[in-house]
Amino acid sequence: QVQLVESGGGLVQAGGSLRLSCAASGRTFSSYTMGWFRQAPGKEREFVAAIAWIGSITYYADSVKGRFSISRDNAKNTVYLQMNSLKPEDTAVYYCGGRTPRSSEYDYWGQGTQVTVSS
């Protein structure tokens, strides 16, 4: 069983930055693909970014490319989401997810952290 705990959310002005962290328990973290998703009020959860167990392979939603950066530290069992040039439309609850190597869906989820960007 893997537990994921997000932190780093908060209130920031448009144009500002935040760094989210997701700490994972479990010895097999390094083999998981890790992702960040977000859900705004009244909207479905959407993909933001993901990073393969090989940290050099990353994926981003078009809406965040060039502004957000995902990274991982397998020694610390932690994945990060650096968010720059934040916009009001980035306001959402951000969730961390973990996907095992043979799974096509995310198997584990954190509780979420609120990010609010004021205009």
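## The β4–β5 hairpin

Strands β4 and β5 form a hairpin in which six residues lie between the two strands. Within the turn, Gly 42 adopts a positive phi of about 75°. This description refers to a predicted model.

The two strands, β4 covering residues 33-39 and β5 covering residues 46-51, pair in the antiparallel sense, and five bridges connect them. In this pairing, Gly 35 is placed opposite Ala 50 of β5.

## Continuation to β6

Strand β5 also pairs with β6 (residues 58-60), again in the antiparallel sense, over three bridges. Here Ile 51 faces Thr 58, a residue of β6. The connection from β5 to β6 is a hairpin that runs through six residues.

## The environment of Thr 113

Thr 113 belongs to strand β11, which spans residues 113-118. With a relative accessible area of 11%, Thr 113 falls under the 20% cut-off and therefore counts as buried.

Leaving aside neighbours within four places in sequence, the residues in contact with Thr 113 include a run from the N-terminal part of the numbering, namely Glu 6, Ser 7, Gly 8 and Gly 9. Leu 20 is also in contact with Thr 113, as are Ala 92, Val 93 and Tyr 94. For Gly 9 there is a polar detail as well: its backbone nitrogen lies 3.2 Å from a polar atom of the Thr 113 side chain.

Key: Residues are numbered from 1 along each chain as its sequence is written. This is a predicted model: local features need pLDDT of at least 70, side-chain atom pairs count only at pLDDT 80 or more; totals for chains, interfaces and linings use all residues. Side-chain values use heavy atoms; hydrogens and water are left out. Helices (H or I, at least four residues) and strands (E, at least two) are DSSP runs, numbered from the N terminus. Buried means under 20% relative accessible area, exposed over 50%, partly exposed in between (1.4 Å probe, protein chains only). A polar contact is a pair of N or O atoms within 3.5 Å; within protein, one must be able to donate a hydrogen and the other to accept it, and residues adjacent in sequence count only if both atoms are side-chain atoms. Contact means heavy atoms within 4.5 Å. Two strands pair if DSSP finds at least two bridges between them.
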